[in-house]
Amino acid sequence: MKSNARRSPARIVLGLLALCVFPLAAGSVHQPSHAAEDVCCKAGDTTPPNELVKKVPPGLLNSPYPDYAKLAKEEELVKQYRLPGCNECHGGNGGGGICPPLTQGVWFWGNTDDILFRLIALGSQELEKQGFVRYQYGSVHAPMPPMGFTVKTSDQMWKIIAFIRSVNPPGTNPPETVLPGKFAPAGATE
Ligand code: HEC
């Protein structure tokens, strides 16, 4: 009886099946998500801006320099703004040149940290492709070019954004006035 049972072909098939199924079952165990531990964003972050916009879901980019006025007193932020050549279009101190001034307290796409970071990194055409909708046009109906390759680190991007805020009239920046990024209605894109 015993030897018969051991040799039973049905048992061998079952055993083989178990061997095949086990790794599949083990593979389906859920990995714990680690989204909570890296809340964005940190001062001194050397991640290239283009990587950060891919990694962090829309709405979740937050400046590590909320007190931009203090930072502007401590550092010459205008240097960070001129380094990638923003001044060639927006003027040496952001007051406008061949492109809209950045000093007017008017925000075409919104004025949150998240929107400004994405607009400068991706440019206005890519921002639109990703489903964002503008509030208004400026006097120049040209697209803002993608500058995410030219601005080397996310830290530099946050300093440039701090500069832009520091040259705008009081009350036009968060936390006083928040113009969040607008999304196209679901299904409107693609
Ligand atoms: C080739 C010219 C050009 C360069 C270079 C350029 N911009 Fe722009 N920028 C534009 C144009 C044109 C617009 C208006 C885009 C629109 O209406 O969508 C714009 C819009 C903006 C806005 C939105 C302004 C608002 O009132 O909402 C910000 C912020 C901005 N640029 C920042 C920058 C920064 C920072 C840099 C450098 C890293 C830069 N730009 C480089 C042409 C340029």
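**Exercise 1.** In this predicted model, find the residue that follows helix 7 and give the sign of its phi.

*Solution.* Go to the end of helix 7, which spans 113-129. G131 follows the helix. Its phi is positive, near 100 degrees.

**Exercise 2.** How far apart are the end C-alpha atoms of helix 7, and where does the helix bend?

*Solution.* Start with the length: helix 7 has 17 residues. At 1.5 Å a residue, a straight helix would reach 24 Å. The end C-alpha atoms are only 19 Å apart, so the span falls short, given that the expected value is 1.5 Å times one less than the number of residues. Now look for a bend. Helix 7 bends by about 110 degrees at G123.

**Exercise 3.** Which residues of helix 7 are buried, and what covers them?

*Solution.* Take the buried residues along the chain. They are D113, D114, I115, L116, F117, R118, L119, I120, A121, L122 and L127. Next, identify the cover. It includes helix 3, strand 1 (132-133) and helix 8.

**Exercise 4.** Describe the largest nonpolar core and the place of I120 in it.

*Solution.* Count first: the core has 32 residues. Then rank by contacts within the core. F117, L119, I120, M157, I160, I161 and A162 touch the most other members. Assign the core to helices. Helix 3 (49-55), helix 4 (68-74), helix 5 (77-82), helix 7 and helix 8 (154-166) each supply at least two residues. Helix 7 gives the largest share, eight residues. Finally, zoom in on I120. Leaving out residues up to four places away in sequence, I120 touches M147, V151, M157 and I160.

**Exercise 5.** Which residues come nearest to the ligand, and what is the make-up of the shell by class?

*Solution.* The shell holds 28 residues. C86, C89, F108, S124 and M144 come nearest. Sort the shell by class: 23 nonpolar, four polar and one charged. Then trace the helices. Helix 6 (87-90), helix 7 and helix 8 each supply at least two shell residues. The largest share, four residues, comes from helix 7.

**Exercise 6.** Where does P66 lie, and is P66 buried, exposed or partly exposed?

*Solution.* Place P66 first: it sits in the loop between helix 3 and helix 4. Count its neighbours next. P66 has 14 other C-beta atoms within 10 Å. Buried needs 20 or more, and exposed means 12 or fewer. P66 is therefore partly exposed. Last, check a long-range pair. P66 and P175 are 109 residues apart in sequence, but 9.1 Å apart in space, C-alpha to C-alpha.

Methods. Residues are numbered from 1 along each chain as its sequence is written. This is a predicted model: local features need pLDDT of at least 70, side-chain atom pairs count only at pLDDT 80 or more; totals for chains, interfaces and linings use all residues. A nonpolar core is a set of buried Ala, Val, Leu, Ile, Met, Phe, Trp, Tyr and Cys residues joined through C-beta atoms within 7 Å. Two residues are in contact if their C-beta atoms, placed from the backbone, lie within 7 Å. The bend at a residue is the angle between axes fitted to the seven residues ending there and the seven starting there. A residue is near a molecule or strand if its C-beta atom, placed from the backbone, lies within 6 Å of it. Ala, Val, Leu, Ile, Met, Phe, Trp, Tyr, Cys and Pro count as nonpolar, Asp, Glu, Lys and Arg as charged, and the others, Gly among them, as polar.
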